[in-house]
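The following exercises are to be worked through with the sequence and the model at hand. Each task is followed by a solution in steps.

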Amino acid sequence: MIKKKLCNEYNIIYMFMNSILTYLIPVIESLLVIVPALLSVAFVTIAERKTMSSMQRRLGPNIVGYYGLLQAFADALKLLLKEYVSPTQANIVLFFLGPIVTLTFSLLGYLVIPYDSSSYISDFSLGILYLLAVSSLSTYGILLAGWSANSKYAFLGSLRSTAQLISYELILSSIILLVILLTGSLNLITIIEVQRIVVFFFPLFPLFLIFFIGSVAETNRAPFDLAEAISILIWSH
């Protein structure tokens with residue numbers, strides 16, 4: 001009787017731990033992808049600021065951390081601790097939902113990006129189409145944020161940013177479709193494996209330059225920073 005009771009308890013504990021691991025492993029896998037992606041964004045931003053400051057004969061960030069390497073984390077902490085300010089006439093729910101939608105759909109693209117032939121979260125057969133769809137949906141977050149502010153200036157700014165994103169998405173999609181024609185597959189892992197024979201960078205170098213310029217414009221980096229319009233604001237001031 002005691003042995004039977006112990007076996008039942010062990011079975012319950014085993015089923016409980018197994019159910020926890022079933023839900024915990026996907027969360028850990030997602031964090032292993034999302035956290036390095038966010039860290040890489042932080043350090044790429046520092047590299048961009050250093051490069052831009054060097055081009056303009058400025059020092060750039062050099063106070064926080066070794067040669068300013070922790071400046072991005074200081075900026076993130078500053079944004080988290082800032083006083084919350086929202087327009088009085090804004091729709092608060094949609095005003096918060098806009099940035100959340102943009103960040104969520106931006107991070108969802110990493111689900112199908114392979115880091116190795118065996119290192120990926122999802123081996124989706126239509127990975128390219130999924131990636132294009134998710135990246136396009138993040139545009140709605142910008143439009144939603146501008147519209148929810150209930151201000152004509154914010155709305156016009158969001159329309160300008162949305163128009164820029166949509167226009168350059170056509171260029172990027174056209175180049176990606178050419179890669180799909182060359183490989184005959186929509187699977188990202190298959191596309192990478194095909195390049196063991198010849199890397200597409202060399203025969204498609206002119207298209208790579210166009211894709212690079214389109215990517216810079218799509219991410220609103222200088223000199224295509226029309227969404228922020230920092231240079232316009234400085235010169236007009």
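**Exercise 1. Classify the exposure of Phe205 in this predicted model.**

Solution.
Step 1. The relative accessible area of Phe205 is 35%.
Step 2. Buried requires a value under 20%, exposed a value over 50%, and partly exposed lies in between.
Step 3. Phe205 is therefore partly exposed.

**Exercise 2. Determine the geometry of the ring pairs that Phe201 forms with Phe202 and with Phe205.**

Solution.
Step 1. A pair of aromatic rings is described by the distance of the centres and the angle of the planes.
Step 2. The search of the whole structure gives 7 aromatic pairs. One of them joins Phe201 and Phe202, with 5.3 Å centre to centre and 85 degrees between the planes, and is edge-to-face.
Step 3. For Phe201 and Phe205, the centres are 5.4 Å apart and the planes stand at 80 degrees; planes over 60 degrees apart count as edge-to-face, so this pair is edge-to-face.
Step 4. Phe201 has a relative accessible area of 34% and is partly exposed, whereas Phe202, at 62%, is exposed.
Step 5. Ring pairs link Phe201, Phe202, Phe205, Phe208 and Phe212 into a cluster.

**Exercise 3. Compare the end-to-end span of helix H4 with the expected span, and describe the surroundings of the helix.**

Solution.
Step 1. Helix H4 covers residues 127-148, which is 22 residues.
Step 2. The expected span is 1.5 Å times one less than the number of residues, so H4 should span 32 Å.
Step 3. The end C-alpha atoms of H4 are 32 Å apart, in agreement with the expected span.
Step 4. Buried residues of H4 include Gly127, Ile128, Val134 and Gly146.
Step 5. Among the elements that cover the buried residues of H4 are helices H3 (92-108), H5 (152-183) and H6 (188-194).
Step 6. After H4 comes Asn150, with a positive phi near 60 degrees.

**Exercise 4. Locate Arg57 and Tyr67, and state the sign of phi for each.**

Solution.
Step 1. Most residues other than glycine have a negative phi.
Step 2. Arg57, although not a glycine, has a positive phi of about 55 degrees. Tyr67 likewise has a positive phi, near 55 degrees.
Step 3. Arg57 is located in the loop between helix H1 (2-55) and helix H2 (71-81), and Tyr67 lies in the loop between H1 and H2.
Step 4. Arg57 has 79% relative accessibility and therefore counts as exposed. Tyr67 has 56% and is also exposed.

Definitions and conventions
Residues numbered from 1 in each chain as written. Predicted model: local features only at pLDDT ≥ 70, side-chain atom pairs only at ≥ 80, totals over all residues. Heavy atoms only, no water. Helix = DSSP H or I, 4+ residues; strand = E, 2+ residues; numbered from the N terminus. Buried < 20%, exposed > 50% of the residue type's maximum accessible area, 1.4 Å probe, protein only. Contact = heavy atoms within 4.5 Å. Phe/Tyr/Trp six-rings, centres within 6.5 Å; stacked < 30°, edge-to-face > 60°.
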